[in-house]
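The following paragraphs walk through one chain, from its order of elements to its strands, its core and its helices. Please keep the structure in view while reading.

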Amino acid sequence: MKDVPRKIPKELPIMGKSHNLIIINDPLNKDSGWFLNSDIVINMAWNNSDEFWHTLVHELGHALIRRSGLRQGLSMEMEEVIVQNYATVFTELFKMTFKNNKDIGIPL
Ligand SMILES: [Zn+2]
């Protein structure tokens, strides 16, 4: 697993809690992204620049569900359906970028 050079934020505030945004390029790991505790990991081995945003919004959805306390009432399958559709809606509707960051330099 090697670090990917980037200009995007290393930390994202989600409902008052800082989360690490970790970007890797690891073809041996078959997951495109994941959320664990305070880490959002995006694996660029399986994401192009459009997919990066979909994967990031998907993982932000998991963080939102955890931070809001909704996790207790959802099965993992239902959570996946919600965050996947939420990510699709957002990436279809909006051109994504980070606040205060015009040159995000998504790594590929
Ligand atoms: Zn997921």
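**From strands to helices**

Read from the N terminus, the elements of the chain follow the order β-β-β-β-β-α-α. That gives 5 strands and 2 helices. The model is a predicted one. Of the 108 residues in the chain, 23% are buried. Among contacts with a separation of 6 or more, 44% join residues that are 24 or more positions apart.

A convenient place to begin is strand β5, residues 39-43. Two pairings involve this strand. With β4, β5 pairs in the antiparallel sense, over 4 bridges. With β3, residues 17-25, β5 pairs in the parallel sense, over 5 bridges. Which residues stand opposite I42 of β5? G33 is one, and I23 is another. A further bridge links L36 to D39 in β5.

β4 and β5 are also joined as a hairpin, with 2 residues between them. N37 is found in the loop that links β4 and β5. Its phi is positive, at about 55°, although N37 is not a glycine. Is N37 buried or exposed? N37 has 9 C-beta neighbours inside 10 Å and therefore counts as exposed.

A second residue with positive phi is M15, which is not a glycine and has a phi near 50°. M15 is placed in the loop between β2, residues 11-14, and β3. M15 counts as exposed because it has 10 C-beta neighbours inside 10 Å.

Back in the strands, β4 covers residues 33-36 and has two faces: G33 and F35 lie on the covered one, W34 and L36 on the uncovered one. In a regular strand, side chains alternate between the two faces of the sheet. The situation of β5 can be put in terms of burial: 4 of its 5 residues are buried, so the strand is largely enclosed by the rest of the structure.

The next topic is the nonpolar core. The largest one has 12 residues in all: I23, F35, I40, V41, I42, M44, F52, W53, L56, V57, L60 and A63. Both β5 and α1 supply at least two residues of this core. The greatest contribution comes from α1, with 6 residues. As a general matter, nonpolar side chains in soluble globular proteins tend to be buried together.

Several residues already met recur in this core. I23 and I42, both members of the core, stand opposite each other in the pairing of β3 with β5. F35 is a core member too, and F35 is on the covered face of β4. I40 shows how one core residue is surrounded. Leaving out residues up to four places away in sequence, I40 touches L12, H19, N20, L21, I22, F35, E59, L60 and A63. Of these contacts, F35, L60 and A63 are listed in the core as well.

The helices come last along the chain. α1 spans residues 49-68, and α2 spans residues 76-93. Two packed helices are described by the angle between their axes and the distance between the axes. For α1 and α2, the angle is about 135° and the axes are 8 Å apart. That angle makes α1 oblique to α2, which is why the pair is described with that word. The crossing of α1 and α2 is right-handed.

Which residues meet where α1 packs on α2? From α1 come W53, H54, V57, H58, G61, H62 and I65. From α2 come E79, I82, V83, Q84, Y86, A87, T88, F90 and T91. W53 and V57 thus appear both in this interface and in the nonpolar core.

H62, in α1, deserves a separate description. It has 20 C-beta neighbours inside 10 Å, so H62 counts as buried. Setting aside neighbours within four places in sequence, H62 is in contact with F35, E79 and V83. E79 and V83 belong to the α2 side of the helix contact, whereas F35 is a residue of the covered face of β4. The C-alpha atoms of H62 and E80 are separated by 8.2 Å, with the two residues 18 apart along the chain.

Conventions:
Residues numbered from 1 in each chain as written. Predicted model: local features only at pLDDT ≥ 70, side-chain atom pairs only at ≥ 80, totals over all residues. Pairing = 2+ DSSP bridges. Contact = placed C-beta atoms within 7 Å. Core = buried A, V, L, I, M, F, W, Y, C linked by C-beta atoms within 7 Å. Axes fitted to C-alpha atoms, helices over the stretch in contact; angles between N-to-C directions. Parallel < 35°, antiparallel > 145°, perpendicular 65-115°, else oblique. Left-handed = near helix turned anticlockwise from the far one by under 90°.
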